[in-house]
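Biologist: Before we discuss anything in particular, could you put the chain and its model on the screen, so that we can work through it question by question?

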Amino acid sequence: MSALPACPQCQSEYTYEDGGMYICPECAHEWSANDTAAPAADEARVYRDSAGNVLADGDTITVIKDLKLKGSGGVVKMGTKVKGIRLVDSDHDIDCKIDGFGQMSLKSEFVKKV
């Protein structure tokens, strides 16, 4: 049995080869068997708002559309200002605290930097 490389994105050891490509079943990352470059996971991710402005930790943002909350009947209204955001690497880019709602996770495509 040949030793296949670990996934460069999630470090999973369960990779498999398919037609000259390596595939990770855990994170669905695909890369060429000929790739010798550094993995893309080592690069710093740039977070941008809906207008293309670069976001950073501690920024103040505004919500650009009404956002329905899952699990409750509440709605975060358009124009709601959020101070002191924290950027995270997950499906929702922003962790924040919104007055009247508490801790929330937002996607950067629904906010605008103030």
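Biologist: How many residues lie between E9 and E10 in their hairpin, and which residue in the turn has a positive phi?

Modeller: Bear in mind throughout that this is a predicted model. Strands E9 and E10 form a hairpin with three residues between them. Within that turn, the residue with a positive phi, of about 90°, is Gly100.

Biologist: How many bridges join E9 to E10, and which residue in E10 is the bridge partner of Cys96?

Modeller: Strand E9, residues 94-98, and E10 run antiparallel and are joined by five bridges. Asp95 has Ser105 as its bridge partner in E10. For Cys96, the bridge partner in E10 is Met104.

Biologist: In what order do the strands of that sheet lie, and which are the edge strands?

Modeller: The sheet is open, has three strands with antiparallel pairing, and follows the order E8-E9-E10. Each edge strand pairs on one side only, and these edge strands are E8 (86-87) and E10 (102-106).

Biologist: With which residue does Asp95 form a salt bridge, and is Asp95 buried or exposed?

Modeller: Asp95 has a relative accessibility of 18%, and because the cut-off for buried is under 20%, it counts as buried. Its salt-bridge partner is partly exposed, since Arg86 has a relative accessible area of 47%. The closest N and O atoms of the pair are 3.0 Å apart, and the partner of Asp95 is therefore Arg86.

Biologist: Which residues do salt bridges with shared partners join into one network?

Modeller: The structure holds four salt bridges. Arg45 forms one with Asp89, with the closest N and O atoms 3.2 Å apart, and another with Asp93, where the corresponding separation is 3.3 Å. The network thus joined consists of Arg45, Asp89 and Asp93.

Biologist: How many residues apart in sequence are the parts that the pair of Asp93 and Arg45 ties together, and is Asp93 buried or exposed?

Modeller: Asp93 has a relative accessible area of 9% and is buried, whereas Asp89 is exposed at 65% and Arg45 is partly exposed at 46%. Because Asp93 lies in the loop between E8 and E9 and Arg45 in the loop between E3 and E4, the pair ties together parts whose separation in sequence is 48 residues.

Biologist: What is the nearest side chain of opposite charge to Asp49, and which backbone nitrogens does the side chain of Asp49 reach?

Modeller: Asp49 is found in the loop between strand E3 (30-32) and E4, and although buried, Asp49 has no salt bridge, the nearest side chain of opposite charge, Arg48, being 7.2 Å away. A polar atom of the Asp49 side chain does lie 3.0 Å from the backbone nitrogen of Ala51. At 2.9 Å, the side chain of Asp49 also reaches the backbone nitrogen of Gly52.

Biologist: Which residues is Asp49 in contact with, leaving aside its neighbours within four places in sequence?

Modeller: Among these contacts are Val111, Lys112 and Lys113, and strand E11 is the stretch 111-113. The contacts of Asp49 also include Leu55 and Ser108.

Biologist: Why is one side of E7 and of E11 left without a neighbour in the sheet?

Modeller: The three strands form an open antiparallel sheet in the order E7-E4-E11. E7 (81-82) and E11 (111-113) stand at its edges, so each has a single partner strand. Strand E4, residues 61-63, is joined to E7 by two bridges, and the residue opposite Ile61 in E7 is Val82.

Biologist: Is Met21 buried, partly exposed or exposed, and which residues does Met21 touch?

Modeller: Met21 lies in strand E2, residues 21-23, and counts as partly exposed because its relative accessibility is 29%. Not counting residues up to four places away in sequence, Met21 touches Tyr16, Glu30, Trp31, Ser32 and Ala33.

Biologist: What radius of gyration does the chain have, and how many helices and strands?

Modeller: The chain has zero helices and eleven strands, and 27% of its 114 residues count as buried. Its C-alpha atoms fill a box of roughly 60 × 30 × 20 Å along the principal axes. A compact globule of 114 residues would have a radius of gyration near 13 Å, but the chain has 19 Å.

Terms used: Residues numbered from 1 in each chain as written. Predicted model: local features only at pLDDT ≥ 70, side-chain atom pairs only at ≥ 80, totals over all residues. Heavy atoms only, no water. Pairing = 2+ DSSP bridges. Helix = DSSP H or I, 4+ residues; strand = E, 2+ residues; numbered from the N terminus. Buried < 20%, exposed > 50% of the residue type's maximum accessible area, 1.4 Å probe, protein only. Lys, Arg positive; Asp, Glu negative; His and termini not counted. Polar contact = N/O pair within 3.5 Å; in protein donor to acceptor, adjacent residues only side chain to side chain. Contact = heavy atoms within 4.5 Å. Rg over C-alpha atoms; globule rule 2.2 N^0.38 Å.
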